[in-house]
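User: I would like to go through this model by question and answer. Please keep the replies brisk.

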Amino acid sequence: MNIDIDDIIGTGIKLLPPSGGRLEESKEAIYKLNSVSETISEMAASYNEVAVATVCEEGNAKKEARKVFAEELYNNIEELTENILYEDIMYQDEIVIDNIFSILEKQETISRDELLKVFEQNNSYIIGIDSEDEEIKNEIESDIKKIVKTINDTYKINKLNLIWKQKEASNRKTLANQLGGVSKVISSVAEDMKTGTSGVAVIDAEPKFKIEIGVARTTKNKSEISGDSSTQSKLNDGKYMLAISDGMGSGQSAKRSSSTVIKMLDRLLTSGFDKDISIGLINSAINLNSSRETYATIDISVIDLMNGNIEFVKNGACPTFVKSRNKVEIIKAISLPAGMLDNIELVVYDKDISGGEIVVMCSDGVIDSNAEYTNKELWVRDLLENIETEDVQKIADLLVNESIDNNLGLARDDMTVLVAKIAKI
């Protein structure tokens, strides 16, 4: 499911104090926004209740799975009445099914010898299995083979059904979280409008810091399209976002993945969505819209120019470097990229700034370009420590050029570098 905030609240809403005859229209708009927000919130609660109920049911999942497996197995061998093992399955004590199911849970299939051993342990022996008559022996082996195949096929289908049930519960939970995020944004818009209609003036504080941005990029040798995407966006409350996404591989498919991440991230965060909700939506979009395995990294730096703080948010991304004079701090995290898991864990760092810091973000084409270093990020740190210029564009260009030189003048991968210099006003 793709949720578009513009489809819900429209693009024509202005958060300015109304005047004259527009006061009643504004009140009506606020009422409608709140109604939509409450409706979506109720939808979220409904999905969440179903998801929670399903999770609670998972406590009895093993017992239920065994029960369903037994029922399906009995149904599947109904037509095998002439099979020598038919009665051993249908009319033996249920401990036989328990033992079979236990083996399947551990290794997903049961072999001929393992099945016969289960029967033996329960005092059920197959007469004629060691017969010297080849025709009789072959018939018995054929019967055993059919039963083994039926058992394994039944378990495989049973397990797939269980996985889909769990996936459905996970999707409901994800959708509940997403709808909750949409509801919060709409409520926030309505509250802003309400504040405007009451005549309360909102005075923006002056930023204490300013920012300069430099960008450099190149594509992989012999590739026409870069799998990297990036953005620099002004957010609310005096914040500025820098972001890079590196799609799996290179070319069109990688670009599609990383572009989805960046476009959604840019739109959602600038619209006021919480970052956790935003990245959850992005992860779901990649999962739901992909017909094959695909993923993209998420690397975000949110610079608060009012309060002097940087928040780093990473998911499967390269290290970020923060230079203060000649000292370079490396900020990194180990996590799986978006699209690889149903629910992703973000790694978030906070850092206070005083002015003069240079933040350097890059894709893995830069980091991995130097084969001489075991710890790949160290070559970038060493270069930044010794670099003399503070010109952000020169730093970005230098990093890309050095990365290409590291591979004898050929770009071994797509490369993107964002450099931000933060200065006190």
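Analyst: A disulfide is a pair of cysteine sulfur atoms within 2.5 Å. This is a predicted model, where local features need pLDDT of at least 70, side-chain atom pairs count only at pLDDT 80 or more, and totals for chains, interfaces and linings use all residues. Residues are numbered from 1 along each chain as its sequence is written, and side-chain values use heavy atoms, with hydrogens and water left out.

User: How many disulfides does the rule count, and how far from Cys318 is the nearest cysteine sulfur?

Analyst: The disulfide count is zero. Cys318 is in no disulfide. Its nearest cysteine sulfur belongs to Cys362, and the distance is 5.4 Å.

User: Is Cys362 buried or exposed?

Analyst: Buried means under 20% relative accessible area, exposed over 50%, and partly exposed in between (1.4 Å probe, protein chains only). Cys362 has a relative accessibility of 2%, so Cys362 counts as buried.

User: What share of the 425 residues of the protein chain counts as buried?

Analyst: The same cut-off applies to the whole chain. Accessible areas come from the Shrake-Rupley method with a 1.4 Å probe, and for residues only the protein chains shown count as cover. The protein chain exposes about 23,600 Å², with 48% of it from carbon and sulfur atoms. Of its 425 residues, the buried share is 41%.

User: How many helices and strands does the protein chain have?

Analyst: Helices (H or I, at least four residues) and strands (E, at least two) are DSSP runs, numbered from the N terminus. For the protein chain, this comes to 12 helices and 10 strands.

User: In what order do the five strands of the open sheet lie?

Analyst: Two strands pair if DSSP finds at least two bridges between them. In this sheet the pairing is antiparallel. The edge strands, β2 (228-234) and β8 (347-352), each pair on one side only. The order is β2-β3-β4-β5-β8.

User: Which residue in β4 stands opposite Ile244?

Analyst: Strand β3 covers residues 239-246, and strand β4 covers residues 298-304. The two pair in the antiparallel sense over six bridges. Opposite Ile244 stands Asp299.

User: Which helix packs on the sheet, touching β2, β3 and β4?

Analyst: Contact means heavy atoms within 4.5 Å. Axes are lines fitted to C-alpha atoms, for helices over the stretch in contact, and angles run from 0 to 180 degrees between N-to-C directions. The helix covers residues 252-270, and its direction makes about 10° with that of β2. It is α8.

User: How many aromatic pairs are there, and why is the pair of Phe69 and Tyr155 edge-to-face?

Analyst: Rings of Phe, Tyr and Trp (its six-membered ring) pair if their centres lie within 6.5 Å; planes under 30 degrees apart count as stacked, over 60 as edge-to-face and the rest as tilted. The count comes to three aromatic pairs. The rings of Phe69 and Tyr155 have centres 6.2 Å apart and planes at 75°, so the pair is edge-to-face.

User: Which parts does that pair of Phe69 and Tyr155 tie together?

Analyst: The two parts are 86 residues apart in sequence. Phe69 is buried at 0% relative accessible area, and Tyr155 is buried at 7%. The pair ties together helix α3 (residues 61-76) and helix α7 (residues 134-197).

User: Which residues form one aromatic cluster?

Analyst: Tyr155 also pairs with Phe101, with centres 5.9 Å apart and planes at 70°. Phe101 lies in helix α5 (residues 95-107). Both Phe101 and Tyr155 are buried. The cluster is Phe69, Phe101 and Tyr155.
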